[in-house]
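Got your viewer open? Load the model shown here and keep the selection box handy.

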Amino acid sequence: MPDTKVYLLDGGTLVMDGLHAFWNAGPSGEIRFPVYSVLIEHSDGRYLYDSGYDLDHVQRVLPFIKPMQTKTQTIPGQLSLIGLRPQDVNYVINSHFHFDHCGGNKHLNSACTVCHAKALEACACPQPFEVQSYSDLSFAPDIAARRGGALPPPGVEVFTPTFQSISGDQEIAKGVRLLETPGHAGGHYSMLVELSHRRPMLFTGDAAYSQQNLDRMIISSFHLDPIESYKSMQRLKDLAKQHDAEIFCSHDPTMFGGYQKAPGFYS
Amino acid sequence: MADTKVYLLDGGTLVIDGFHVFWNRGPAGEVRFPVYSVLIEHGDGRYIFDTGYDYDHVMRVLPFEKPLQTPEQTIVGQLNKLGVKPQDINYVVNSHYHFDHCGSNKHFTTACTVCHAKELEACTCPQPFEHLGYSDLSFYPELARKAGKTLPPDPALDMYTPTFQTLQGDQEIAKGLWLFETPGHTAGHYSMMVELAHRRPMLFTADACYSKKNLDMMCISSFHLDPVANLKSMQRLKDLAAKYDAELFFSHDLDSFATYQKGANFYS
């Protein structure tokens, strides 16, 4: 059985304010931050954790967050760096369904979508202050239609994903664990991947944008439940300790520079 | 019985960021906003709703909020202008216990303190992100000492042993004087409505809604415990105003505050 490999797929960058990144604490001012996806080559299949944002969607709905994404930084572009096509991916796992984590789902048209049951509920019935975050429903055309979203333009292949919704902590494949870290959104999974030749990798998803959030114990200003969000950040710290795992935060401009990115990999 | 009178007592100003006022929306930039208390002269006694901030506390703990408060804008100074002494106040009602709403409770040594039961619990065991909000515990020295907080060396505080009357649910605490539950900003938050003889009822939102713009945008403030509950409370304020044909008085709205009658110029 070949060793599990982990590829980080660069998805471009976006901008937010320091008061978004660090709730009520800031300092304010523009922060340009990375967005990336994680491809796991596992003997059970290929798993993709999160799928970044769709440039057209962001330019149309949230242009003020100033997306910068080259063709190579799209999901198809990144997969081609390692000789893969979108249909080679078997499972898409979404930490949650904010637009910058599910924008590339639609390319992965032969994959099964795995998520927390509450994450699907949350984007079907968002709170008024979550509408913009859950604005890209292209990953679930059924939900988009129910919420009155626009149908895909003619000529676009109809995307009818299958969903597998789960709850609780789950080992979805040997050494690949999804761990509940709610608060940022209703239904949020972080992911722990065990590898043969290095410490486990703990991908926080948006339960911790950056190492600085963890160090200061300040959650992001985008949240559904700040108490849960805070507990989840503490849980990530505890998990990292328990598994001697290295933490990979979702939107950390400093740390991302030091990560190995595709076609390089961790194993 | 004399008509109920309502006096707005100017408590100075503070500064926060536009992203604090309008959660995740902003725009960024300093916003200076007013803080005030409400004195109600009622047939049953004198009530004060909220007591503003203590200048020394803010300078010591949150100087970045740039307090501006003249001696006249302290609660004692404001009451003095009306010929009222702190010991003339019978009840202090706190919408919640954030430092800019309870900073002068300590001057009302003979008043009974009225609040929501959950609010007293909340400031006893604050969430980690609420410590600054609940940083002024001088309204309850015994609690401050239990929490290991050092109070300023003020002999008056050693003597100050307030009595509390905790409530739950909506309550008419005196005829025409209503407390309505509006949680979310904090765990146990009350807004207050006062019915008057010669005008529409006054509905004081307190921090369930900082300003008219918050209400228009249906955007809560970034200081909150439970955003879902907070948004519901803002909707509740709209519904209450419609139901009672009440005028909304916002807690931290510089534009609206400029139009309010203040000091000796009372509402009745």
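Here is a short tour, with a strand in chain A to start and a chain contact to finish.

A word on ground rules: this is a predicted model, where local features need pLDDT of at least 70, side-chain atom pairs count only at pLDDT 80 or more, and totals for chains, interfaces and linings use all residues. Residues are numbered from 1 along each chain as its sequence is written, and chains are lettered from A, ligands numbered from 1, in the order in which they are written.

Select residues 189-193 of chain A, which is strand S9 (helices, H or I, at least four residues, and strands, E, at least two, are DSSP runs numbered from the N terminus). Five of the five residues are buried, so S9(A) is largely enclosed by the rest of the structure; buried means 20 or more other C-beta atoms within 10 Å of the residue's own, with C-beta atoms placed from the backbone.

Now colour the two faces. A:Tyr189, A:Met191 and A:Val193 sit on one side, with A:Ser190 and A:Leu192 on the other.

Next, add residues 176-180 of chain A: strand S8 pairs antiparallel with S9(A) over five bridges (pairing takes at least two DSSP bridges). Look for A:Leu178 opposite A:Met191. Then pick S10(A), residues 201-203, joined antiparallel to S9(A) by three bridges. There, A:Leu202 stands opposite A:Leu192.

Finally, show both chains. Their contact (C-beta atoms within 7 Å, placed from the backbone) takes 15 residues from chain A and 17 residues from chain B. On the chain B side, try H9(B), residues 227-244, which gives the most, with three residues.

Terms used:
A residue is buried if 20 or more other C-beta atoms lie within 10 Å of its own, exposed if 12 or fewer, and partly exposed in between; C-beta atoms are placed from the backbone. Two residues are in contact if their C-beta atoms, placed from the backbone, lie within 7 Å.
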